Amino acid sequence: MKLYSRITGTGSYLPPRRLTNADLVAELAAQGVETTDDWIVERTGIRARHFAAPNVSSSDLGLEAARNALQAAGVLPQEIDLIIVATSTPDMVFPSTACILQNKLGANGSTAFDVQAVCSGFVYALTLADAMIKSGAAKKALVIGAEVFSRILDFKDRTTCVLFGDGAGAVVLEASETPGILASDLHADGKYVGILCVPGHVSGGQVLGNPLLKMDGQAVFKLAVGLLDEAARVTLAKAGKTAADIDWLLPHQANIRIMQSTARKLKMPMDKVIVTVDQHGNTSAASIPLALDTAVRSGQVKPGELLLLEAVGGGFTWGAVLLTL
Ligand code: UT7
C-alpha cells in the first residue's frame, strides 16, 4: 500500500502588537524616515503587520502555533516524533529553535532541527517532513514556520522596513493511506546571495558586518515572478495536474503584485488566491502556514480541496508543494 503524508491540523499565532500603516508611518516619521500609507498599499498591498515584544522569540511564537495545530489535529505533544522549524530569525546561534521549542512543548525525544531557506523555508520543511514520513523515519510531524523579522529590520531603510512582520504558523503532518502531499519541487541558486541577505555574523564575541536585512527589491521581484511560475508548472506536472485543477493558490505573502502576476501567468482568478499579506505583511517562513491556518479557520479552504503552495526567498531559494487538504 502506498504511504502518503497528510496535514491533519493547522495552527497559527500572531503577537498582539498590531501596527497599521498609519501607526508605522507615524513611528518612522518621528525618526525622520518618510513614507506613506498610500505608497505601502499601492506597491505591496500591505495594510498592517504584527511585531513581537522584545522578550518574545521565534520559539515562543512557534510554540503557540504548534499548540493550536496539535489541538486541531487531536494529537498530543508526546506523540510527535519529528519537529522541523523553518526560520531565519532563530532564538540563538545554536542550539536550533526546534530544540528549544520541543522542550517548551514537552515533545522531548523527537527528531528536531531547523531549516534555513528564508521565505521558502516552509515549503522546504514540508517537503523534508513528507520525505521522512514516506521513508518511515517519522509518523507524526510538526512543521512550523516562525519569525521575528522585526529584529533584523533597518528602521532607517524605508525600502525594506515597511514590508515585514512577525508571526508563526504550523501544521501537523501524519502518515496516511490517503493523499496528502502529492508533489513538490525545490531549488536554490547561490549566485543571488547578495540580492536579499543579512550579511552580519558572530565572530570572536562580536557581530561583524551588518546584522540588518538588505534587499534589492526590484531584482527580487523580477526573479520571483518567473521562478514561481516555473516551480508551479513543474510541481503540477509531477502530479499529472494542471492549474485548472487547483482550488486554491497559496503563495508566499510578500507582495500582492507578485501574487497577481503569478496568478495571471497560471490563468487563475484572484478569487482563488489566498491573501493575508494585507493583514500580516511579509512574515518570511511563517507566511504560508499562517495564511493556510487563517484560510482553514475562516472556512475559506475546505477538506478535500487541492492547494498549490509556492515561495521564493533569500538564497535565492524557491519551490512549490501541491497537496490535498
Ligand atoms: O520575501 C522575500 C521576497 N521579497 C519580495 O518579494 C520583495 C520583492 N520586491 C518588492 O516587493 C518591491 O520591489 C518593493 C515593494 C520592495 C518596492 O516596490 P517597487 O515598485 O519596486 O519600488 P522601487 O524600488 O522601484 O521604488 C520606487 C520609488 C523610489 O523612488 P524614486 O527613485 O522613484 O524617486 C523609492 O525611493 O519608491 C520609493 N520608495 C518609497 N517611497 C515611500 C521606496 N520605498 C518607499 C517607501 N515609502 N517605503
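Visitor: Is Phe316 buried or exposed in this predicted model?
Guide: Buried means under 20% relative accessible area, and exposed means over 50%. The model is predicted, and in it Phe316 has a relative accessible area of 0%. Because that value falls under the cut-off of 20%, Phe316 is classed as buried.

Visitor: Which residue forms an aromatic pair with Phe316 that is edge-to-face?
Guide: The structure holds three aromatic pairs. In one of them, the ring of Phe316 has a partner at 6.4 Å centre to centre, with 75 degrees between the planes. Planes over 60 degrees apart count as edge-to-face. Phe316 lies in the loop between strand E14 (306-313) and strand E15 (317-324), and its partner, 124 residues apart from it, lies in the loop between strand E8 (181-188) and strand E9 (196-197). That partner, partly exposed with a relative accessible area of 26%, is Tyr192.

Visitor: What is the distance from an N or O atom in the side chain of Gln218 to an oxygen atom of the ligand?
Guide: Gln218 is among the residues that come nearest to the ligand, together with Thr35, Arg158, Asn255 and Asn282. A polar contact requires N or O atoms within 3.5 Å. The side chain of Arg257 meets this with an oxygen atom of the ligand at 3.3 Å, and for the side chain of Gln218 the distance is 2.4 Å.

Visitor: Which element gives the largest share of the shell around the ligand?
Guide: The elements that give two or more residues are helices H2 (37-44), H6 (158-161), H7 (217-238) and H8 (256-265). The largest share is four residues, and it comes from H7.

Notes. Residues are numbered from 1 along each chain as its sequence is written. This is a predicted model: local features need pLDDT of at least 70, side-chain atom pairs count only at pLDDT 80 or more; totals for chains, interfaces and linings use all residues. Side-chain values use heavy atoms; hydrogens and water are left out. A residue is near a molecule or strand if one of its heavy atoms lies within 4 Å of it. A polar contact is a pair of N or O atoms within 3.5 Å; within protein, one must be able to donate a hydrogen and the other to accept it, and residues adjacent in sequence count only if both atoms are side-chain atoms. Rings of Phe, Tyr and Trp (its six-membered ring) pair if their centres lie within 6.5 Å; planes under 30 degrees apart count as stacked, over 60 as edge-to-face and the rest as tilted. Buried means under 20% relative accessible area, exposed over 50%, partly exposed in between (1.4 Å probe, protein chains only).
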